[in-house]
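Here are some notes on the model, set out as numbered points for reading beside the structure. They take up burial, the sheet, the two ligands and a few residues in loops.

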Amino acid sequence: MTHNKNILQDSHGRDHAYLRISLIERCNLRCSYCMPEEGVPLSPKSHLMTYEEIYEIAKTFVKHGVTKIRLTGGEPLIRKDIPVILGKLATLPVELSITSNAVIIDKFMDVLKVNGVKKINISLDSLDREKFKHITRRDQFDIVYKNLLLLVEKDFHVKVNVVLMKGFNDNEIIDFINLTENLPISVRFIEFMPFDGNKWDMGKMVSYAEVMEYVNASFSKVQIERLQDAANDTSKNYKILGYKGSFAIISSVTNPFCDSCNRLRLTANGQLKNCLFSSTESDLLTTLREGKPIEPIIQKAVLAKLKIRGGMDTLEKLQEPKLHTNNRTMITIGG
Ligand code: SAM
Ligand code: SF4
């Protein structure tokens with residue numbers, strides 16, 4: 001194997017310029033689609049990347065072509081050294097962004113601004129306080145909604161992630177779209193995806209086609225504008241004419257976007273995952289701690305990336321429980 005050419009290009013010709021780094025396996029919410037109620041076994045602290053290690057690994061990826069880094073988790077903002085991590089990563093020539101449940105994000109406005117974070121994705125699955133409490137198993141709707149408005153007021157570029165579940169929040173699709181009338185946000189409806197411990201079944205998922213049925217029933221054809229999707233975009237973007245914001249659908253289940261995938265994931269315990277759905281991992285942290293170069297491991301992992309959804313290329317395979325239990329829970333992958 002040669003190590004001097006583009007180590008972030010896979011065997012299907014895809015270049016990987018986008019790294020998502022999970023900072024922590026813990027969270028201050030307990031979303032049922034993300035983690036089991038009883039929690040998940042946590043890595044001992046000594047197995048988690050320190051901020052210096054996060055920076056070292058990120059630097060290597062940037063050297064080889066990564067231009068975007070998104071911090072995620074668990075809940076990235078509950079990590080005590082988050083200001084230091086942001087400060088270190090802000091010295092790299094990358095677009096730095098974060099995904100958060102927004103419960104405590106009001107405490108971080110300045111540190112996010114100072115470190116050049118402009119794009120923030122937040123999770124909000126219901127506009128109904130009781131339903132929010134049910135899905136997250138915590139009573140935090142009011143603060144999350146307030147923080148959404150605060151982020152907009154502070155001029156962050158905000159995307160709101162809504163995981164749709166049949167019979168639970170599909171009747172709120174239009175309410176979410178109506179939020180975009182006066183708020184310059186993008187609401188992104190995400191097809192519920194299967195991971196270990198989240199009791200997924202196809203019947204609970206609301207598909208891209210079903211979202212559009214709701215939209216078509218509420219708005220006329222001339223009101224619904226299909227927007228140009230950005231390169232490597234995972235979402236199909238739309239806008240209601242005259243509304244300030246937009247909405248999108250992330251259809252990983254019914255319409256995967258693997259052809260243009262440019263993402264790699266680093267878990268909080270320093271494992272490289274070449275795909276969200278892949279059950280294999282490559283241990284960068286141990287190699288780094290042994291003082292060895294991590295590039296050969298990165299290259300091997302990237303070359304091993306399968307063409308579609310970690311090998312689950314059909315809906316039948318996606319429905320096979322065994323294939324998910326080989327993977328992690330979402331909270332420990334980093335969405
Ligand atoms: N705690 C942060 C948050 O909730 O935004 C960041 C981590 S969370 C794992 C990242 C994203 O993954 C969230 O938007 C969440 O809705 C999404 N997610 C988690 N489990 C999912 C699933 N089973 N299907 C689809 N999206 C999921
Ligand atoms: Fe926590 Fe985010 Fe998972 Fe919800 S989706 S449990 S907020 S990590």
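1. A residue is called buried here when its relative accessible area is under 20%, exposed when that value is over 50%, and partly exposed in between. With that cut-off in hand, F176 counts as buried, because its relative accessibility is 0%. Please keep in mind throughout that this is a predicted model.

2. F176 belongs to helix 6, which spans residues 173–179. Although F176 and L127 are 49 residues apart along the chain, their C-alpha atoms are separated by 7.7 Å. A reader who wants to see a contrast may turn to L227 and T67, which are 160 residues apart along the chain and whose C-alpha atoms are separated by 24 Å. L227 itself sits in the loop that links strand 7 to strand 8 (235–240), and with a relative accessible area of 23% it is classed as partly exposed.

3. In what order do the strands of the open sheet lie? The sheet has 12 strands, the pairing is mixed, and the order reads 7-8-9-6-5-4-3-2-1-10-11-12. Strand 7 (224–226) and strand 12 (282–283) are at the edges and have a single partner strand each, so one side of each has no neighbour in the sheet. As general background, strands of a sheet pair through backbone hydrogen bonds, and they do so either parallel or antiparallel.

4. The parallel kind of pairing can be followed through strands 3, 4 and 5. Strand 3 (residues 95–100) and strand 4 (residues 119–123) run parallel and are joined by four bridges, and within this pair S97 has K119 of strand 4 as its bridge partner. Between the two strands the chain passes through helix 3 (residues 109–114), and the resulting β-α-β crossover is right-handed. Strand 4 is also joined to strand 5 (residues 157–164), again in parallel, by five bridges. K119 takes part here as well, with H157 as its bridge partner in strand 5.

5. Which direction do strand 10 and strand 11 take relative to each other, parallel or antiparallel? Strand 10 (residues 263–266) and strand 11 (residues 271–273) run antiparallel, with two bridges between them. In this pair, R265 stands opposite K273 of strand 11.

6. Ligand 1 is surrounded by 20 residues, of which Y33, G74, S123, N161 and M193 are the closest. By kind, the residues of this shell divide into eight nonpolar, 10 polar and two charged. Several polar approaches to the ligand can be inspected one by one: a polar side-chain atom of N161 lies 3.0 Å from an oxygen atom of ligand 1, while a polar side-chain atom of E75 lies 3.2 Å from a nitrogen atom of the ligand. For M193 the atom concerned is a polar backbone atom, and it is 2.9 Å from a nitrogen atom of ligand 1. Of the 550 Å² of accessible area that ligand 1 has on its own, the protein covers 95%. Strand 3, strand 5 and strand 6 (186–191) are the elements that give two or more residues to this shell.

7. What surrounds ligand 2? The residues are C27, L29, C31, Y33, C34, M35, G74 and N101. This shell divides into six nonpolar residues, two polar ones and no charged ones. Y33 and G74 appear in this shell, and they are also among the closest residues to ligand 1.

8. Two residues deserve a look for their backbone angles. In general, most residues other than glycine have a negative phi. A102, which is not a glycine, has a positive phi of about 70°; A102 is in the loop between strand 3 and helix 3 and is buried, with a relative accessible area of 0%. D155 also has a positive phi, near 70°, and its place is the loop between helix 5 (141–153) and strand 5. Unlike the buried A102, D155 is exposed, with a relative accessible area of 66%.

9. The last point concerns N169, which lies in the loop between strand 5 and helix 6. N169 counts as buried at 0% relative accessibility, and a polar atom of the N169 side chain lies 2.9 Å from the backbone oxygen of D125.

Key: Residues are numbered from 1 along each chain as its sequence is written. Chains are lettered from A and ligands numbered from 1 in the order in which they are written. This is a predicted model: local features need pLDDT of at least 70, side-chain atom pairs count only at pLDDT 80 or more; totals for chains, interfaces and linings use all residues. Side-chain values use heavy atoms; hydrogens and water are left out. Two strands pair if DSSP finds at least two bridges between them. A crossover is right-handed if, with the strands pointing away from the viewer, the path from the first strand over the helix to the second runs clockwise. A residue is near a molecule or strand if one of its heavy atoms lies within 4 Å of it. Ala, Val, Leu, Ile, Met, Phe, Trp, Tyr, Cys and Pro count as nonpolar, Asp, Glu, Lys and Arg as charged, and the others, Gly among them, as polar. A polar contact is a pair of N or O atoms within 3.5 Å; within protein, one must be able to donate a hydrogen and the other to accept it, and residues adjacent in sequence count only if both atoms are side-chain atoms. Accessible areas come from the Shrake-Rupley method with a 1.4 Å probe; for residues, only the protein chains shown count as cover. Buried means under 20% relative accessible area, exposed over 50%, partly exposed in between (1.4 Å probe, protein chains only).
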